[in-house]
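Trainee: Please choose one part of this model and examine it closely with me. I should like to follow the reasoning from one step to the next.

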Amino acid sequence: MNETDNRELIAALDEIEKEKEISKDIILEAIENSLLAACKDHFGKSDNINVIVDRYSGEVKVYAVKTIVEEVTDDTLEVSLDEIADIYPDKAVGDTIEVVVTPKNFGRIAAQKAKQVVVQKIREEERKVIYNQYYEKERDIITGIVQRVSRGNISVDLGKIDTVLTESEQVKTEHFRPTERIKLYVVEVKDTAKGPRITVSRTHPEFVKRLFEYEVAEVQDGTVEIKSIAREAGSRTKMAVYSYNPDVDPVGACVGVNGIRVNAIVDELRGEKIDIINWSDDPATLIENALSPAKVISVEVDEEEKSANVVVPDFQLSLAIGKEGQNARLAARLTGYKIDIKSEEVADI
């Protein structure tokens, strides 16, 4: 490269660093490594060769590390003491020095390599920047715009990258149209050869948890903790909450005045029902709460077997079990206990 090319390269890299937030040093190091590999074609090896690109002028120089000897047997690795005595008066036999060995045609090679490396490195670094940005969103909520629906899958524009909300991660009762904004839970972000791959969901239980964290200040600041959550997406979610401040009602905080907080989340979930209950360290109390809205007469817990026998009033049995067993099923998942529900009449027999 000539002086003009050198200056243009540095100016271009300064612009790239400013606009794309890609370090100039990273690109220059990649250029140096690429040129070092090219040196093998000229010198036959590069073990003792260094390539330096000046960070300010862009000038490229090739240096060979050579050992000072009395008599040279390999001029690629050695230099005689007599040859360098005037330049390096303090050096002795056995010392090493760096000698400029830049080939005459190296400017042309450097220009070609630099162009290739800059293009490739920009792609790599842009991909890395995008990956890091979205990796920070893993297990969090992200908003995108629906592009199209194809074969049950929804293509979503997230801004700098696209993703696909697969049919298996969609709520069956939800339907989205192109240009519609959509909130998604980021399950995983992977760095692949083709760029970052983002797995998203609207069925994940953590999606509901995150929505409450954004909507409820007491959950966000840690005053109220969501201890457990069980969900059948599109139908019902049960959530157990606990307050670390005795003056703060955890259920009330999540519901909000006139239900404003929970209703905002129900709207986002397109009408999915949400039961919010008080968490308890006592398994029997927790199970009783989890079977809400049904009333419970008694709970017998076997902590070793992680099972519980529950008795409810006769008229509450169908409510406790729920439609197609949903209430009991969600309560079991919420508490981690296998729950056997009997009516008072059957229990007395």
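Mentor: In this predicted model, let us look at helix H9 and begin with its cover. The elements that cover the buried residues of H9 include strand E11, strand E12 (273–278), strand E13 (298–302), strand E14 (307–312), helix H11 and strand E15 (338–343).

Which residues of H9 are buried? They are Pro283, Ala284, Leu286, Ile287 and Ala290. Viewed down the axis of H9, these buried residues fall within an arc of 165°, and therefore they line one face of the helix.

We turn next to one of the covering elements, helix H11. Two packed helices are described by the angle between their axes and the distance between the axes. For H9 (residues 283–290) and H11 (residues 326–335), the angle is about 145° and the axes are 9 Å apart. The crossing in which H9 passes H11 is right-handed.

Which residues meet where these two helices pack? From H9 come Leu286, Ile287 and Ala290, and each of these three is listed among the buried residues of the helix. From H11 come Ala331, Leu334 and Thr335. Sorted by class, the contact of H9 with H11 has five nonpolar residues, one polar residue and no charged residues.

Let us now follow the cover to strand E11, another of the elements over the buried residues of H9. E11 spans residues 236–243, and Arg236 is found in it. Is Arg236 buried or exposed? The threshold for a buried residue is a relative accessible area under 20%. Arg236 has a relative accessibility of 18%, so it counts as buried.

What does the side chain of Arg236 do in this setting? It is joined to the side chain of Asp275 by a polar contact of 2.7 Å. Asp275 falls within the residue range of strand E12, which also helps to cover the buried residues of H9.

The wider surroundings of Arg236 can be read in the same manner. Setting aside residues up to four places away in sequence, Arg236 touches Ala230, Arg231, Glu272, Lys273, Asp275, Gln326 and Leu330. Among these, Gln326 and Leu330 bear numbers that lie within H11 (residues 326–335). Thus H11 appears twice in this account: its Ala331, Leu334 and Thr335 meet H9, while Arg236 touches Gln326 and Leu330.

Notes:
Residues are numbered from 1 along each chain as its sequence is written. This is a predicted model: local features need pLDDT of at least 70, side-chain atom pairs count only at pLDDT 80 or more; totals for chains, interfaces and linings use all residues. Side-chain values use heavy atoms; hydrogens and water are left out. Axes are lines fitted to C-alpha atoms, for helices over the stretch in contact, and angles run from 0 to 180 degrees between N-to-C directions. Helices (H or I, at least four residues) and strands (E, at least two) are DSSP runs, numbered from the N terminus. A crossing is left-handed if the near helix is turned anticlockwise from the far one by less than a right angle, and right-handed if clockwise. Contact means heavy atoms within 4.5 Å. Ala, Val, Leu, Ile, Met, Phe, Trp, Tyr, Cys and Pro count as nonpolar, Asp, Glu, Lys and Arg as charged, and the others, Gly among them, as polar. Buried means under 20% relative accessible area, exposed over 50%, partly exposed in between (1.4 Å probe, protein chains only). A polar contact is a pair of N or O atoms within 3.5 Å; within protein, one must be able to donate a hydrogen and the other to accept it, and residues adjacent in sequence count only if both atoms are side-chain atoms. The arc is that of the directions from the helix axis to the C-beta atoms.
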